[in-house]
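Student: I'd like a close look at one part of this structure. Could you walk me through the biggest nonpolar core and whatever surrounds it?

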Amino acid sequence: MLTVGVLVRCRVLRPRARDVLSRWASPVLPLTCTTESRVRPASGVGGASGAGGWYGSLSDSAPVHLCENFLVSAHQVSGLPWWLSIAMATASIRTCITLPLAAYQLIIIAKVEALQAEISELAKRLRYEVSVRGRERGWTDKQSRVQFQKNLRRLVLQLYVRDNCHPFKASLLVWVQLPLWVGLSLALRNLSLDRPALHGELAAGGALWFPDLTVPDSTWVLPVCLGLTNLLILEVFSLQRVGASRFQRLVLNGFRGFSVLMIPIAASVPTSMALYWFCSSLVGFSHNLLLRSPTVRRTAGLPAPQSETPYRDLLSAFISKYWR
């Protein structure tokens, strides 16, 4: 789940493509598939296509059609069943796009954290200079505070520019991952409900307890697995936070509630969407664990972790919190 992915990486200070990809995808797609992906029927199964408004515009937008072409191309090139093709496409996208951005986020966060001591020392000196200047010019306490905050923001920004680590760069992952998640979700919804040529393939493209990818998972196994995975991601994140503020605890509880809410939502959409959401959360969780590895960090040139035994520490903290 994308939204959970946002929280997991929010430790910063308190994170023409269509033409390029269409040229890659077009030779693989048959002419009929390419045409269908760009001409939507006037009304589709479930009534979403004829609903109009922002949802209809979004689901019929060029980026969503691009995601549809990508999914169909991945299925045709790989020759895998649809359920496995969706899982592999999810893993490849998250590994090729979001994993490098997550590594870059770690670099930015490490630089920002390394500046905190310098910022603290700078704030002390600035506070003294402002107090001296305030007495000379007869500033009130409010005027002194305004001058201190304004100059501190300016100096901190100069430090960020000097070290090329503005905290906004750490949010780049969110701004890339969010459109991907929405686009692929809507693309799978369109393929499952609004593409008659593919409906039969998707209806027989499932496995195990979900043979039909065009209908919701009546067993609720995938939705429950999705909810549990998202909750696990949140708990792993909470274990690495020491002395969280009241606001941070409130946000964390809000995302816990949203993770539970995603279970009935996932049980009401086509299984293809629920499968994608579950695979996305699972791959994101595995990437989170992978980037904790000291070996991986040294190999990739990432900032060294705080502990050489991160997995053992994580397990000990989990056991200590929930079993003692």
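Tutor: Let's start in the core and work our way out to the charged pairs and a helix packing.

Keep in mind that this is a predicted model. The largest nonpolar core has 32 residues, and the ones touching the most other members are Leu71, Trp82, Ile86, Leu191, Tyr276 and Trp277. Several helices feed into this core: α5 (62-78), α6 (82-114), α9 (172-193), α10 (196-203), α11 (221-239), α12 (246-266) and α13 (271-290) each put in at least two residues. The biggest giver is α13, with seven residues. As a general idea, nonpolar side chains in soluble globular proteins tend to be buried together.

Now zoom in on leucine 191. If you skip its neighbours within four places in sequence, leucine 191 is in contact with Glu68, Leu71, Val72, Trp82, Leu198 and Leu202. There's also another core, apart from the largest one, made of 17 residues, including Ile109 and Leu115.

Did you spot Glu68 among the contacts of leucine 191? Let's follow that one. The side chain of glutamate 68 forms a salt bridge with that of arginine 195, at 3.2 Å from N to O. Glutamate 68 sits in helix α5 while arginine 195 is in the loop between α9 and α10, so this pair ties together parts 127 residues apart in sequence. Both glutamate 68 and arginine 195 are buried. Another buried pair is aspartate 194 and arginine 189, whose salt bridge has its closest N and O atoms 2.7 Å apart.

For a contrast, look at arginine 162 and aspartate 163, which form a salt bridge with the closest N and O atoms 2.9 Å apart. Arginine 162 is partly exposed, with a relative accessible area of 49%, and aspartate 163 is partly exposed too, at 25%. These two are linked with Glu118 in a network of salt bridges. The structure holds six salt bridges in total.

Last stop: how do α6 and α13, both suppliers of the largest core, sit against each other? Their axes are 9 Å apart and the helices pack at an angle of about 40°. Angles under 35 degrees would count as roughly parallel and 65 to 115 as roughly perpendicular, so α6 and α13 are oblique to each other. The crossing of α6 past α13 is right-handed. Among the residues that meet there are Ile86, Ala87 and Thr90 in α6, and Leu275, Tyr276 and Cys279 in α13. Ile86 and Tyr276 should ring a bell: they're in that list of core residues touching the most other members.

Notes:
Residues numbered from 1 in each chain as written. Predicted model: local features only at pLDDT ≥ 70, side-chain atom pairs only at ≥ 80, totals over all residues. Heavy atoms only, no water. Core = buried A, V, L, I, M, F, W, Y, C linked by side-chain atoms within 4.5 Å. Buried < 20%, exposed > 50% of the residue type's maximum accessible area, 1.4 Å probe, protein only. Helix = DSSP H or I, 4+ residues; strand = E, 2+ residues; numbered from the N terminus. Contact = heavy atoms within 4.5 Å. Salt bridge = Lys/Arg side-chain N within 4 Å of Asp/Glu carboxyl O. Axes fitted to C-alpha atoms, helices over the stretch in contact; angles between N-to-C directions. Parallel < 35°, antiparallel > 145°, perpendicular 65-115°, else oblique. Left-handed = near helix turned anticlockwise from the far one by under 90°.
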